[in-house]
Amino acid sequence: MPPSLARLLTVLMPAMLLIPIASDMVALVLPAITREFASSTAQASWVVTGFLLACAIGIPLYGRLADRWSLQRVFIAAILAYAAGSLICALAPSLLTLVIGRVLSGFGGAAIPVLAIVAASRLLPRREVPLGVGAIAAAGGIGAALGPAIGGGLGQLLGWRALFWIMFLAALALVPALRTVLGQARPRSRARLNLIGGALLGLSTGALLFGVTQAEGVGGFTKPTSWAPLLLGAIGLSLVALRSRSAADPFVSPALFRQRGFLGAAGVIFLAMVANLSALVLIPLLIINVNGLSAGEGSLVMVPGGIALALTSVLAGRLGKAGANEGSVSIIGLALIALAMLLMSTVAGRPPLLAALAVTILGTGFALVVTLTTNAVSQLLPSELARGGIGIFQSAQFLGAGTGPALFSVLLSWRQSAPGATLNPLASVEADAYSDIFLALAAVALIAIFPALRLRRDRGRPQ
């Protein structure tokens, strides 16, 4: 017998909480991790980047796996991988081991947003599916609000390793509940999996991000350790494109690239995540390293942004249901993100209460973008492209989240080593490097308006 809505959500909502908490909790303890392992900011940022990159690659793969194998088995295997990665992080003797653990937990955690939606769609009566999907999405917003509080408060009280012990135990506790609730739902198909295409995409993207992080220090992008991975990554992506054209069941369908509205939505979410996650990593570094706050105090600065994200997501969902043009609302959200970054550029190094205001604006703007673009993608694509397209869209979201901290942490290190007049005349001298980086992030949000205009045009046409 299929589970009731309430019974299913008592398992899927806690599972959904794990991903944003695991992503956001680390930002406030990055300074402590950096000190313990004597690493640079760019190197330590891989604790965030590795997790998000693995999520970006794993998300489209899990949608295919759920078609081929039992939903229960795939979900439980992924949760166990997440737990194993968290355990490695808790015991990590070096930064490299910590990053490896984060990659493993990210690859396991990538299953949760995909399989939770699949489970709700398959196991609930049709009339209850929107309620289930909405509740699962709301859990993601709640997790975004809880992440900084857990990371900052418990990280300061118990140490950063305790955060991974908590995630390890939480994941293990979900296994018997998932086994009971999901039952033995049969797979829908035995379609062949194009694992080569997925592996090429993952390795290529990882090489590109590794090359970016290696640009830190003397020599920059001219160092072999930087340009060689960048070159390999570019070659790998070219091979992915070629294989997508020739493979019978490509990992990324070429037909998706003929859907201009979809490309607009993917471009918006990628750039919005670059700005959002870069800010969520760099603002804690600023308020701890420049303002001198503890991790626990820093969490109080970050929490309003998560609350704003969770509350605005509800409003954004109602706007989508009422038929608002997703492109137009996304432009408003991107403008708010740019405003938040301009404000951070001006108040960096000044009283942290002003940073809390910027984070609140950031959370509000990002909620509008992510909710409305997701709604648009679900309606733009024809049925034969919907599942693969949504997976690629979610991958673009996590890929932007991984790319942003990696790239802008390097730019911050470069800017700190090359002191000069800040581009913002209103900026504080004590945080001039941070001010310029936030100014660059404002530019990223404004650039994202161009693909949002494409989305607005397509969504303005009769369907």
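**Exercise 1: the core.** Find which residues touch the most other members of the largest nonpolar core in this predicted model, and which helix gives the core its largest share.

*Solution.* Start with the core itself, which holds 141 residues. Within this core, V26, L98, L178, I337, M341, M344 and F438 touch the most other members. Next, look at where the core residues come from: helix α12 supplies the largest share, with 18 residues.

Now zoom in on M344. Leaving out residues up to four places away in sequence, M344 touches I283, L286, A355, A358 and F438.

**Exercise 2: a helix pair.** Work out how α12 and α17 are oriented to each other, and which residues make their contact.

*Solution.* First, take the geometry: the axes of α12 (residues 260-289) and α17 (residues 432-447) come within 9 Å and cross at roughly 165 degrees. Angles over 145 degrees count as roughly antiparallel, so α12 and α17 are roughly antiparallel to each other. Their crossing is left-handed.

Then list the contact residues. From α12 come L271, V274, A275, S278, A279, L282, I283, L285, L286 and N289; α17 brings Y434, I437, F438, L441, V444 and I447. Sorted by character, the residues of this contact are 14 nonpolar, two polar and no charged.

**Exercise 3: the whole chain.** Describe the chain by its secondary structure, burial and contact range.

*Solution.* Count the elements: there are 18 helices and zero strands. Turn to burial: of the 463 residues in the chain, 57% are buried. Finally, consider contacts with a separation of 6 or more: 82% of them join residues 24 or more positions apart.

Conventions:
Residues are numbered from 1 along each chain as its sequence is written. This is a predicted model: local features need pLDDT of at least 70, side-chain atom pairs count only at pLDDT 80 or more; totals for chains, interfaces and linings use all residues. Side-chain values use heavy atoms; hydrogens and water are left out. Axes are lines fitted to C-alpha atoms, for helices over the stretch in contact, and angles run from 0 to 180 degrees between N-to-C directions. Helices (H or I, at least four residues) and strands (E, at least two) are DSSP runs, numbered from the N terminus. Angles under 35 degrees count as roughly parallel, over 145 as roughly antiparallel, 65 to 115 as roughly perpendicular and the rest as oblique. A crossing is left-handed if the near helix is turned anticlockwise from the far one by less than a right angle, and right-handed if clockwise. Contact means heavy atoms within 4.5 Å. Ala, Val, Leu, Ile, Met, Phe, Trp, Tyr, Cys and Pro count as nonpolar, Asp, Glu, Lys and Arg as charged, and the others, Gly among them, as polar. A nonpolar core is a set of buried Ala, Val, Leu, Ile, Met, Phe, Trp, Tyr and Cys residues joined through side-chain atoms within 4.5 Å. Buried means under 20% relative accessible area, exposed over 50%, partly exposed in between (1.4 Å probe, protein chains only).
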